[in-house]
Amino acid sequence: MAEKLISFLPDQFPNPSVFFVELTGITYPDPKYHVERDHSHVLCLEYVIRGKGVLRTGEGDLTVQGGDVYLLPMGENHRYRADPEEPWEKIWMNLRGSLCGQLLAAYGLEQTRRVRGCPLLPLFRRFVETCAAPPASPFLLESRCALLFHEILAGLRNHLAAAGPPSFSGPVDRAKEFLDHSLYRRVSIGELAGHACLSPSQLTRSFRRAFGQTPYDYLLSRRIDTACLLLRGTSMPVKEIAYRLCFSDEHYFSSLFRRKKGCTPRDFRAAREK
C-alpha cells in the first residue's frame with residue numbers, strides 16, 4: 001500500500017483514554033488496497049480526495065467517491081477497499097478515546113457511515129499537517145487535534161442538515177444556523193443581521209420571540225456547552241478554552257461558566273474526572 005503515515009504513542013498525549021490520535025495520513029491510489037479490522041479499537045474518519053472505494057457495512061456495501069467522507073465507529077468491524085478500476089486517494093485519521101463517542105452523540109452522527117460531497121478537505125489537510133509537524137507541547141497537540149476533529153464533525157452535521165429537507169428557510173433560522181457555525185470565531189450583530197437580511201433590531205426582536213433569548217445570549221450558551229465538552233474530553237487548559245471560544249479573557253469566561261453551570265470550569269473538570 002502506498003501511504004504517508006504519521007503515528008503517535010499514547011504517552012505523547014496528556015490523556016489518551018480521552019483523546020488520542022493513533023494514526024493519520026494519506027493513502028495514494030492502489031488497486032489492491034483493503035483494510036479489515038474486527039471489533040475495531042479506533043474510530044476511522046476518512047475523506048476521499050479522488051477515485052472510488054467500497055465500504056462493507058451491516059446494511060450492505062456503500063460506494064464512496066471523491067468528495068465523500070466516511071465514518072466507522074469504534075467497536076464495529078471495519079471492512080473497506082479501493083475500487084480496482086479507479087482506486088481512491090484519501091486522507092484519514094484513526095482516533096481513540098471517550099471524546100470521540102461523546103462528540104458523535106452530540107452531533108447525532110452515531111449511525112452515519114457516509115456523507116456525500118463534503119467541502120471539508122481543508123480541515124482534513126490541516127489535521128494531517130498539524131500531526132506531521134506537532135507543537136512541542138503535548139497539550140497543544142491534543143487541543144489542536146481535538147478542535148479540528150470537533151470542527152470536522154460540526155461540518156458533517158451542518159452539511160447533512162443543508163442537504164436534507166429545508167429546515168433553515170426563515171431569516172431567524174438562518175441566523176441560528178450561522179451562530180451554530182460561529183462557535184470558534186468572532187461574529188458581530190451587524191454581520192449576523194446581514195446574513196439574515198434583517199436590521200440588527202429586527203433580528204434581535206424576532207430571535208427573542210422565536211427562541212426566548214437574544215442572539216448574543218444564545219451564542220454564549222452554545223459556547224458554554226462546547227466548553228463543557230472540551231473540559232470533559234480534553235486536557236486543554238481553561239485559558240486556552242476561553243481563547244478558542246472567543247471569550248475576552250479567562251476571568252470573564254470562568255464567571256459566566258459559574259453563572260450558567262453553578263461551578264467554576266476547574267471544579268467542573270475535577271468533578272468529571274472523579
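**Exercise 1.** Which residue just after helix 9 takes a positive phi?

*Solution.* Keep in mind that this is a predicted model. Start at helix 9, which covers residues 250-261. Then step just past its end: glycine 262 has a positive phi of about 80 degrees.

**Exercise 2.** Work out what span the 12 residues of helix 9 should have, and compare it with the model.

*Solution.* Counting 1.5 Å a residue, the expected span is 16 Å. The end C-alpha atoms of helix 9 lie 16 Å apart, which agrees.

**Exercise 3.** Find out which residues of helix 9 are buried and how they are arranged around its axis.

*Solution.* Buried means under 20% relative accessible area. Phe253, Ser254, Leu256 and Phe257 meet this description. Now look down the axis: the buried residues fall within an arc of 165 degrees, so they line one face of the helix. Turn to the other side, and you find His251, Arg258 and Arg259 exposed.

**Exercise 4.** Put the strands of the four-stranded open sheet in order and explain what sets strands 3 and 6 apart.

*Solution.* The order is 3-8-5-6, with antiparallel pairing. Strand 3 (34-37) and strand 6 (60-65) are at the edges with a single partner strand each, so one side of each has no neighbour in the sheet.

Next, go through the pairs. Strands 3 and 8 share four bridges, with glutamate 36 partnered by arginine 79 in strand 8. Strand 5 is joined to strand 8 by three bridges; here valine 54 has arginine 81 as its bridge partner. Finally, strands 5 and 6 pair over six bridges, and threonine 57 stands opposite glycine 60.

Conventions: Residues numbered from 1 in each chain as written. Predicted model: local features only at pLDDT ≥ 70, side-chain atom pairs only at ≥ 80, totals over all residues. Heavy atoms only, no water. Pairing = 2+ DSSP bridges. Helix = DSSP H or I, 4+ residues; strand = E, 2+ residues; numbered from the N terminus. Expected span 1.5 Å × (residues − 1). Buried < 20%, exposed > 50% of the residue type's maximum accessible area, 1.4 Å probe, protein only. Arc of directions from axis to C-beta.
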